[in-house]
Amino acid sequence: MKEIPMNKGELVDKVAEKASVTKKQADAVLTAAIDSIMEAVSNGDKVTLVGFGSFEPRERKAREGRNPKTGEAMEIPATKVPAFSAGKLFKEKVAPK
């Protein structure tokens with residue numbers, strides 16, 4: 001599979017074309033959607049877009065790691081991380097049965 005990265009500008013172009021709106025309108029809507037998802041997840045909420053997937057905060061436990069330069073053991077503190085789980089329709093689109 002050939003990896004072709006898509007940046008936000010290219011996504012805005014696609015959205016504008018598919019929704020028959022201007023690039024400026026598509027950018028405003030996409031930015032608002034992304035900001036809303038990030039805000040909700042940072043507040044501890046789960047955001048589910050049926051068919052697409054879910055965004056949620058997850059707790060990562062404290063663990064022991066190693067300094068790659070010295071090999072010395074070090075404690076990595078517990079933290080919250082954003083997580084995405086693809087929905088059923090998204091998974092089927094990527095890997096049809």
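Is Phe84 buried, partly exposed or exposed? At 36% relative accessibility, Phe84 comes out as partly exposed. Keep in mind that this is a predicted model. Here are my notes, point by point.

1. Overall layout. The protein has three helices and five strands. Read from the N terminus, the order is α-α-β-β-β-β-β-α, with a radius of gyration of 18 Å against the 13 Å that the globule rule gives for 97 residues, so the protein is more spread out than a compact globule. If you want a feel for the dimensions, the C-alpha atoms fill a box of roughly 55 × 35 × 30 Å along the principal axes.

2. Burial and surface. Of the 97 residues, 14% are buried. The accessible surface adds up to about 8,200 Å², and carbon and sulfur atoms hold 58% of that.

3. Contacts and charges. Take the contacts with a separation of 6 or more: 29% of them join residues 24 or more positions apart. On the charge side, there are 18 positive and 14 negative charges, and their mean positions sit 6 Å apart.

4. The aromatic pairs. I'd spend some time here, as the structure holds five aromatic pairs. One of them is Phe52 with Phe84, a tilted pair with 5.4 Å from centre to centre and 50° between the planes. Phe52 is in the loop between β1 (47-49) and β2 (53-60), while Phe84 belongs to strand β5 (residues 79-86), so this pair ties together parts that are 32 residues apart in sequence. Phe52 counts as partly exposed because its relative accessibility is 37%, and the range for that label runs from 20% to 50%.

5. A second partner for Phe52. Phe52 also pairs with Phe90. Here the ring centres are 5.1 Å apart and the planes are at 10°, which is under the 30 degrees cut-off, so the pair is stacked. Phe90 lies in helix α3 (residues 88-94) and Phe52 in the loop between β1 and β2, so the link spans 38 residues of sequence. Phe90 is partly exposed too, with a relative accessible area of 30%.

6. The cluster as a whole. Which residues do the ring pairs link into a cluster? They are Phe52, Phe55, Phe84 and Phe90. When you look at the model, Phe52 is a handy place to start, with Phe84 as its tilted partner and Phe90 as its stacked one.

7. Val50, in the Phe52 loop. Val50 is found in the loop between β1 and β2, where Phe52 also lies. Val50 is exposed, with a relative accessible area of 82%. How far apart in space are Val50 and Gly87, C-alpha to C-alpha? The distance is 6.9 Å, although the two are 37 residues apart in sequence.

8. One backbone angle to look at. Ser20 has a positive phi of about 55° although it is not a glycine. Ser20 sits in the loop between α1 (8-19) and α2 (23-42). The residue is exposed, at 67% relative accessible area.

Conventions
Residues are numbered from 1 along each chain as its sequence is written. This is a predicted model: local features need pLDDT of at least 70, side-chain atom pairs count only at pLDDT 80 or more; totals for chains, interfaces and linings use all residues. Side-chain values use heavy atoms; hydrogens and water are left out. Rings of Phe, Tyr and Trp (its six-membered ring) pair if their centres lie within 6.5 Å; planes under 30 degrees apart count as stacked, over 60 as edge-to-face and the rest as tilted. Helices (H or I, at least four residues) and strands (E, at least two) are DSSP runs, numbered from the N terminus. Buried means under 20% relative accessible area, exposed over 50%, partly exposed in between (1.4 Å probe, protein chains only). The radius of gyration is taken over C-alpha atoms; the globule rule is 2.2 Å times the number of residues to the power 0.38. Contact means heavy atoms within 4.5 Å. Accessible areas come from the Shrake-Rupley method with a 1.4 Å probe; for residues, only the protein chains shown count as cover. Lys and Arg count as positive and Asp and Glu as negative; His and the chain ends are not counted. The place of a charge is taken as NZ of Lys, CZ of Arg, CG of Asp or CD of Glu.
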